[in-house]
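This report looks at the pockets of one protein model and at the strands that line them.

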Amino acid sequence: GPETVEEEPEPVEEEPEPEPEPEPEVVEPAPDVVYEGSGDSIVQIELPAGPDSIGIATMSHSGSRNFVVWSLDEGLEQSDLIVNTIGSYSGTVPFNLENNVRITAFEINADGPWTITLRDVLTVREAPQGASSTGQGDDVLVYRGDAAVADVTHDGERNFVIWSYGDGTDLIINDIGAYSGSVRWQAGPALIQVTADGAWSIGLQ
């Protein structure tokens, strides 16, 4: 009869060990940089996350007269009026938002002691969609949600202004004194600047 040829069994390929999933890289915020002084000053600054990063400044002043802070460019020309108030102040403001200007210093008019803490934008708290964010005075938030309707209140007496810096620059509210209303809110990611002198709330639907 015909001879049977025993076929070699196919070698079984061993499944390679699955590669371990790479841990998502957690970007640590750069440490704060703090400047302290008293009275009128020109302060050369260094942004924690580098000269081209968005600046976040938390400032305080104890005095009775004007407290005015301008950001200055490399030629020491005034760029943005970032704080303009009278008396004591405590608040957080953004600066260095324009790519074509590099901020290298602050010009400070003050009649008392002041402190400026420069922070990495990664330290800014999030305003979550479907929740309410509250604060007091000037502050900066980050929004990562979809376009929404925001229910907003303010119980102060002076300017109440909200800007959203995202795909576009959006002036959401520009009012004076007490405020209560519903407004359109552009989709994130966006940096939110609140200018206020009282307590405020932003409820994002």
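In what follows, Ala, Val, Leu, Ile, Met, Phe, Trp, Tyr, Cys and Pro count as nonpolar, Asp, Glu, Lys and Arg as charged, and the others, Gly among them, as polar. By these classes, the lining of the second largest pocket has seven nonpolar, nine polar and three charged residues. The model is a predicted one.

The two pockets are set side by side here.

| Pocket | Volume | Lining by class |
|---|---|---|
| Largest | about 580 Å³ | 19 nonpolar, nine polar, three charged |
| Second largest | about 450 Å³ | seven nonpolar, nine polar, three charged |

The largest pocket has a volume of about 580 Å³, and of the 31 residues that line this pocket, Pro 94, Leu 97, Tyr 165, Leu 191 and Gln 193 are the closest to its centre. Two or more residues of its lining come from each of β5 (78–86), β6 (89–95), β12 (159–165), β13 (169–176) and β15 (190–195).

For the second largest pocket, with its volume of about 450 Å³, the lining is made up of 19 residues, of which Thr 85, Tyr 89, Asp 138, Thr 195 and Ala 196 are the closest to the centre. At least two lining residues are supplied by each of β5, β6 and β15, and the largest share, six residues, comes from β5.

Two strands named for the largest pocket, β12 and β13, are also partners: they pair in the antiparallel sense over seven bridges and form a hairpin with three residues between them. Within this pairing, Val 161 has Asn 174 of β13 as its bridge partner.

Key
Residues numbered from 1 in each chain as written. Predicted model: local features only at pLDDT ≥ 70, side-chain atom pairs only at ≥ 80, totals over all residues. Heavy atoms only, no water. 1 Å grid on protein atoms, 1.4 Å probe; cavity = no way out; pocket = protein on both sides within 12 Å on 5 of 7 lines; lining within 4 Å. Points joined across faces, edges and corners; volume = space filled by probe spheres on them. Helix = DSSP H or I, 4+ residues; strand = E, 2+ residues; numbered from the N terminus. Pairing = 2+ DSSP bridges.
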